[in-house]
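Student: I would like a careful reading of one part of this model, set against a brief account of the whole chain. Could you take me through it slowly, with each term explained as it comes up?

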Amino acid sequence: MEMVFPLYGIRFISINDNFDSDNLHGDTGGINVAFKYLVSEFYSRDLSIKYKSAKYVKFRRGEYQSKTCPYGYQKGGNGRMEPNEETAPNVRLIFELARDGRTPNEIVKVLFERHISTPAEYKAAHGYNGHDISRCYGIWQESSVIHILEDERYTGTYIIGKREVTEVGGHRVRMKDESQWIKIPDHHPAIISKELFDQVQAQRPRFKCPKKNARAYPLRGKVFCGCCRHAMPRTANRNHYFLCRHSKVNEAAPCHGLTVVEAELERMLYEILSKQAQVILNVADLANAGQLDIQLAKQAEYDKQIEGYLDQKRVLYEQLILKQITMEDYKIQKAAVDSELDRLREIHSNLKAQTAQMEMDEKTKSARTELAREVVGAGGLTAGLADTLIDRVYVYPNNQVEIVWKMKDFCTE
């Protein structure tokens, strides 16, 4: 069977047709491989479309496909979601508190005071260890509360198809427009009423995310609480400072109310870097002064000696060919030359390795010196210096700070 496209002059031959594959290899340089790849690509795309179409047909019929349920629900015997008797009351409490005007932080405080386990802690207590709960300490994240308040599934409406992959076989996804979402009302038993959900959405404040450039600062993403190990966000007011929000609701926590002024922290870090930079620039390494040149000179001398002994071997061979020496004399003298060559080559190999290490150390020292000059000339902590030298800064009570350096050799002398 043939498919001919006159406009482009292309002829496709069906794989089931009989044709000489050897001639195809020889005449076209393996075009059948490219053609098979093209067929496979079209097959994969077609299969993906069919699979997605079948999946969305099941979605529209209300067949539940997800393996996990949102907090407050569990899988029933028929595979559909049903309220979890232990956690569903917590979801109702969160919505009722929000309806009464409580902020997410105030809701977190109420949940902590009532000793209600976080979603991750609840899952871990029931055998699911997919989350790290070592830093929870029984305190909910505000983001978890916000996600619950925004989830329409608690009204019994199931939402599918929020995201889609950017390409077939890829893993990157993007959020689709809400008009393209599939919403199935009365899909499962509701935990809260639609009226309560709408009331909460109407009175919840909405904030626009500021531009990222406006939020750039040297220690962004590098300041952490030394007690609970959570990141310390930076306040948006004029006098910026970092604070531990995780323990804000726990007055008994050692890091409750822990703050550090951004300007003071940057000043302290730059002072440490500046002192170390001065040490690097002012202290001359006299022990290694000129050692690299001496090492290179030794290596060159042994190169000459090795070349001289190789010349001796060539002369001995010429003397043997010209019958100026006997075979016995040639073997004796050649063995002596080979023995000396082996000794010289071993010494030369060690010298070469030492020289390479010294050259690498010299490059590292030079780069560190240039970085020290940059620190001194900066006049303060910059984003570039922080990204190059600082990994994390852990803040503790009583103005104690622990710094994890990226370049350990810069700040250990």
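Student: How much accessible surface does the protein chain have, and what percentage of it belongs to carbon and sulfur atoms? For the close look, please take the open sheet of three strands: what is its order, and what kind of pairing does it have?

Tutor: The accessible surface of the protein chain is about 27,300 Å², and 51% of that area belongs to carbon and sulfur atoms; such areas are calculated by the Shrake-Rupley method with a 1.4 Å probe, and for residues only the protein chains shown count as cover. This is a predicted model, in which local features need pLDDT of at least 70 and side-chain atom pairs count only at pLDDT 80 or more, while totals for chains, interfaces and linings use all residues. Residues are numbered from 1 along each chain as its sequence is written, and side-chain values use heavy atoms, with hydrogens and water left out.

The protein chain contains eleven helices and 13 strands, where helices (H or I, at least four residues) and strands (E, at least two) are DSSP runs numbered from the N terminus. Of its 413 residues, 32% count as buried, a word that stands for under 20% relative accessible area, with exposed meaning over 50% and partly exposed the range in between (1.4 Å probe, protein chains only). When contacts between residues at least 6 apart in sequence are considered, 59% of them join residues at least 24 apart, a contact being heavy atoms within 4.5 Å.

Now to the sheet itself, which is open, has three strands in the order 9-12-13, and shows mixed pairing. Strand 9 and strand 13 stand at its edges with a single partner strand each, so one side of each is left without a neighbour in the sheet. Neighbouring strands here are turned by 25 degrees against each other on average, direction ignored; axes are lines fitted to C-alpha atoms, for helices over the stretch in contact, and angles run from 0 to 180 degrees between N-to-C directions.

The mixed character of the sheet can be followed strand by strand. Strand 9, residues 223-225, pairs with strand 12, residues 390-396, in the parallel sense over three bridges, whereas strand 12 and strand 13, residues 400-405, pair in the antiparallel sense over six bridges; two strands pair if DSSP finds at least two bridges between them. Tyr394 of strand 12 links the two descriptions, standing opposite Phe224 as well as opposite Glu402 in strand 13. Strand 12 and strand 13 also form a hairpin with three residues between them, and Asn398 in that turn has a positive phi of about 60 degrees. As background, most residues other than glycine have a negative phi.

Helix 8 lies across strand 9, strand 12 and strand 13, running at about 55 degrees to strand 13. This helix, residues 262-282, has 21 residues and reaches 30 Å from its first C-alpha to its last, close to the 30 Å expected at 1.5 Å a residue, where the expected span is 1.5 Å times one less than the number of residues. Buried residues of helix 8 include Leu265, Leu269, Tyr270, Leu273, Ala277 and Ile280, and among them are also Glu262 and Glu266.

Close in sequence to strand 9 there is a cysteine to consider, Cys227, which is partly exposed with a relative accessible area of 27%. Its sulfur is 4.6 Å from the closest cysteine sulfur, in Cys225, which is too far for a bond, and a search of the whole structure finds zero disulfides, a disulfide being a pair of cysteine sulfur atoms within 2.5 Å.

The loop between strand 9 and strand 10 (241-243) holds Thr235, which counts as buried because its relative accessibility is 10%. Setting aside neighbours within four places in sequence, Thr235 is in contact with His240, Tyr241 and Leu243. Asn250, in the loop between strand 10 and strand 11 (259-261), likewise counts as buried, at 16% relative accessibility, and with the neighbours within four places in sequence left aside, Asn250 is in contact with Phe112, Ile139 and His256.
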